[in-house]
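Please look at the sequence and the predicted model together, and keep both in view while the paragraphs below lead from charged pairs to packed helices and then to some details of the backbone.

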Amino acid sequence: MSTLKNDLFLKALAGEKVNRPPVWMMRQAGRYLPDFMKLKAKYSFFDRVETPELATEITVMPIHQIGVDAAILFSDILVIPQALEVEVQMIPGKGPYIPNPIRTMEQVQAIPDIDVKDRLSYVYQAIDMTKDALANEVPLIGFAGSPWTILCYMVEGQGSKTFDKAKEFCYSQPEAAHLLLQKITDATIAYLKEKRAHGCDAIQVFDSWGGLLSPNDYETFSLQYIRQIVDALHDEVPVIVFGKGCWFALEQMSQMPVSALGVDWTISPQMAREFTKFNTTLQGNFDPARLLSPIPEIERLAKQMVNDFGTYKYIANLGHGILPNVDADHARAFVNAIKNYG
């Protein structure tokens, strides 16, 4: 931590007092940046993900152009299914597509045990290059999807508002579902441990679709597997868990040895603090669409957000990923409002 020029983010994760909250944005290395769009026009999605030089360039962009306090490696949660020999395509304008979704126990049993060091070597090369490019300026965050969220795509075969095929699979074939979830969990733990070994300063687990489950089903099909990941990693690296729409599980989440919990904009800072007994570092929860507001309004709301959360054990962020139609100047205004707080 001491070698970093800007270690605000790591201090907040450690529960240390800071002069102002650190700030970064989910999906900050992405489609709202004009320079990213130039690369998107030249290279396919997985070319960008699988080419370490491109992933590094994209990861570093928001550090220099927006001024955030942490970098997050440009990658995708669906590299795990790819590593498990499940084909993933990225269809422009439509998102991820899996031609042969997992629907039977036989398909689950056929998923091989993998060596993530070999299958995902391009990710680790990107981490090495990114660490060099960052030159100890800010910390680097590595990430993965939660096992439930990965299962949703592997079974549904594409994005969905309801993921009803994934839920049907879990409810009608629970034995197959739990075997698949465990295979994903084991691969994810190995993947994230290797990310740490290559220099990631923190890890975030994204449970993008956890909010689709009832509280009981959330424990059964998501949280128990996230808990395995946190238990395996927390002694080695700070771990953040972000569950979109999972406010109902914040109390249970806060009982895990996490360094922080991400919260979305559907819960008030006060409620999030109460659910977590005021003991856990929280990260969030600015509505990404609010970055479409006039800049003075963004500045006012950002300051209000910090007032409501407080500066202690708090990391300013969005409540989900930044939208592609946000102007970079508006993103910069949000970041600067936090940096100028107080």
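Glutamate 85 is exposed in this predicted model, because its relative accessible area is 53% and the cut-off for exposed is over 50%. Its partner is arginine 119, with which glutamate 85 forms a salt bridge whose closest N and O atoms are 2.9 Å apart. The two residues belong to distant parts of the chain, since arginine 119 sits in helix H7 (residues 116-119), while glutamate 85 sits in the loop between helix H5 (79-83) and strand S2 (89-91), 34 residues apart. Arginine 119 has a relative accessibility of 31% and therefore counts as partly exposed. Side chains of opposite charge can pair when their charged atoms come close. The structure holds 12 salt bridges, and some others are worth following one by one.

Lysine 131 and aspartate 201 form another salt bridge, in which the closest N and O atoms are 3.0 Å apart. Lysine 131 lies in helix H8 (residues 121-134), and aspartate 201 lies in the loop between H11 and strand S5 (202-207), so the pair ties together parts that are 70 residues apart in sequence. How accessible is each partner, lysine 131 and aspartate 201? Lysine 131, at 23% relative accessibility, counts as partly exposed, whereas aspartate 201, with a relative accessible area of 13%, is buried.

In a further salt bridge, the side chains of glutamate 251 and lysine 277 meet at 3.0 Å, N to O. Glutamate 251 belongs to helix H13 (residues 250-253) and lysine 277 to the loop between helix H14 (269-275) and strand S8 (282-286), so this pair ties together parts that are 26 residues apart in sequence. Both partners are partly exposed, glutamate 251 with a relative accessible area of 36% and lysine 277 with one of 45%. Elsewhere, Arg290, Glu297 and Arg300 are joined into one network by salt bridges that share partners.

From charged pairs we can turn to the packing of helices. Helix H11 (residues 174-197) packs with helix H12 (residues 215-233) at an angle of about 25°, and their axes are 10 Å apart. H11 is therefore roughly parallel to H12, because angles under 35 degrees count as roughly parallel. The crossing of these two helices, H11 and H12, is right-handed. On the side of H11, the residues that make the contact include Ala177, Leu181, Thr185, Ile189 and Leu192, and on the side of H12 they include Phe221, Tyr225, Ile229 and Leu233. What kinds of residue make up the contact of H11 with H12? The residues there divide into nine nonpolar, seven polar and one charged.

Another pair of helices can be read in the same order. Helix H15 (residues 295-309) and helix H16 (residues 328-339) pack at an angle of about 35°, with 9 Å between their axes, and H15 passes H16 in a right-handed crossing. H15 brings Ile295, Ile298, Glu299, Ala302, Met305 and Val306 to the contact, and H16 brings Asp329, His330, Ala333, Phe334, Ala337 and Ile338. The residues of the contact of H15 with H16 divide into nine nonpolar, one polar and two charged.

Among single residues, serine 75 lies in the loop between strand S1 (71-72) and H5. With a relative accessible area of 11%, serine 75 is buried, because buried means under 20%. Leaving aside the neighbours within four places in sequence, serine 75 is in contact with Val49, Val123, Phe143 and Tyr191.

Some details of the backbone complete the tour. Alanine 135 has a positive phi of about 50° although it is not a glycine, and asparagine 136, likewise not a glycine, has a positive phi of about 60°. Alanine 135 is found in the loop between H8 and strand S4 (140-145), and asparagine 136 also has its place in the loop between H8 and S4. Alanine 135 is partly exposed, with a relative accessible area of 42%, and asparagine 136, at 37% relative accessibility, counts as partly exposed too. Finally, which kind of peptide bond joins glycine 284 and asparagine 285? That bond is cis, with omega at about -15°, and asparagine 285 is found in strand S8.

Technical notes. Residues numbered from 1 in each chain as written. Predicted model: local features only at pLDDT ≥ 70, side-chain atom pairs only at ≥ 80, totals over all residues. Heavy atoms only, no water. Axes fitted to C-alpha atoms, helices over the stretch in contact; angles between N-to-C directions. Helix = DSSP H or I, 4+ residues; strand = E, 2+ residues; numbered from the N terminus. Parallel < 35°, antiparallel > 145°, perpendicular 65-115°, else oblique. Left-handed = near helix turned anticlockwise from the far one by under 90°. Contact = heavy atoms within 4.5 Å. Nonpolar A, V, L, I, M, F, W, Y, C, P; charged D, E, K, R; others polar. Salt bridge = Lys/Arg side-chain N within 4 Å of Asp/Glu carboxyl O. Buried < 20%, exposed > 50% of the residue type's maximum accessible area, 1.4 Å probe, protein only.
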